[in-house]
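Reader: I'm new to this one. Could you walk me through it?

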Amino acid sequence: IEYSRDITARKSAELALEKSEKELRKAIAAKDKYFSILAHDVRNPFNFLIGISELLQNDLDDISQDDLKAILGKIHKTSIQTHRIFENLLYWAQTQTGDISFCPKVMNVKDVIDDCVEMNRVFAEHKGLVIEALPNNGVYAYADEKMVKTVLRNLTLNAIKFTGKGGKIQIGVHQKNAMAEILVSDTGVGIDQKDLKRLFKIEENFSTIGTEMEPGFGLGLVLSKEFVEKNNGQI
């Protein structure tokens with residue numbers, strides 16, 4: 001009997017050690033991904049901004065008004081993309097340390113969708129896309145509004161990124177049993193079935209260039225999954 005107990009305790013200790021090792025490997029992979037994003041996806045836009053600012057500083061008098069407007073447009077677009085990278089990095093880091101606040105409340109999902117459409121309309125129209133909220137009678141959900149807005153923003157920007165000129169993006173919501181099901185659909189390039197499971201894993205080096213060579217690193221989808229699950233949902 002004592003021997004059996006000893007074996008059971010040893011087996012439990014081995015299982016606990018195996019679980020700790022898996023968690024440690026996951027944490028190391030997350031750290032590596034985090035610094036990879038800092039080293040590559042953040043450095044690249046800053047290199048562009050430094051180079052373009054030097055061009056303006058040295059050759060401003062020789063640049064035409066049309067070229068100047070085009071350059072300023074690229075600076076603005078790059079600045080926004082870099083800001084989004086930092087915002088997602090900050091949110092994700094907060095989720096890993098437990099520092100992010102969680103404040104669920106009853107909210108009208110229609111209002112959140114309408115805000116998302118208006119905030120991203122300029123980016124959609126810049127690519128020649130139509131973006132619209134599908135009509136609904138108002139669906140209410142109990143969730144953290146800031147997290148839902150972050151998820152919707154990331155999904156909508158992905159839809160814009162992978163949809164070519166002339167395409168359409170639609171965002172809608174309907175009641176599904178006791179849940180509010182939010183849909184972001186687009187007429188873009190789609191994704192291969194084999195890649196679906198890779199989308200939400202921080203340890204996967206999985207990213208795809210958009211229809212106009214927009215960069216990506218996948219953290220927005222990882223963050224979206226964590227926020228949805230925090231609100232007892234699924235993506």
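Author: Sure, starting with a term: a patch joins residues with over 30% relative accessible area and no salt bridge (a Lys or Arg side-chain nitrogen within 4 Å of an Asp or Glu carboxyl oxygen), linking like charges within 9 Å and nonpolar side chains (Val, Leu, Ile, Met, Phe, Trp, Tyr) within 5 Å. Areas use the Shrake-Rupley method with a 1.4 Å probe, and for residues only the protein chains shown count as cover. The model is predicted: local features need pLDDT of at least 70, side-chain atom pairs need 80 or more, and totals for chains, interfaces and linings use all residues. Residues are numbered from 1 along each chain as its sequence is written, and side-chain values use heavy atoms, without hydrogens or water.

Reader: Which residues make the nonpolar surface patch of about 270 Å²?

Author: One member sits in helix H2, residues 65-97 (helices are DSSP runs of H or I, at least four residues; strands are E, at least two; both numbered from the N terminus), and that is Phe86. Phe86 counts as partly exposed because its relative accessibility is 37%, between buried (under 20%) and exposed (over 50%). The patch is made by Phe46, Ile50 and Phe86.

Reader: Is Asn108 buried or exposed?

Author: Asn108 is in strand S1, residues 104-108. Beyond four places in sequence, Asn108 is in contact (heavy atoms within 4.5 Å) with Gly138, Val139 and Tyr140. With 17% relative accessibility, Asn108 counts as buried.

Notes. Buried < 20%, exposed > 50% of the residue type's maximum accessible area, 1.4 Å probe, protein only.
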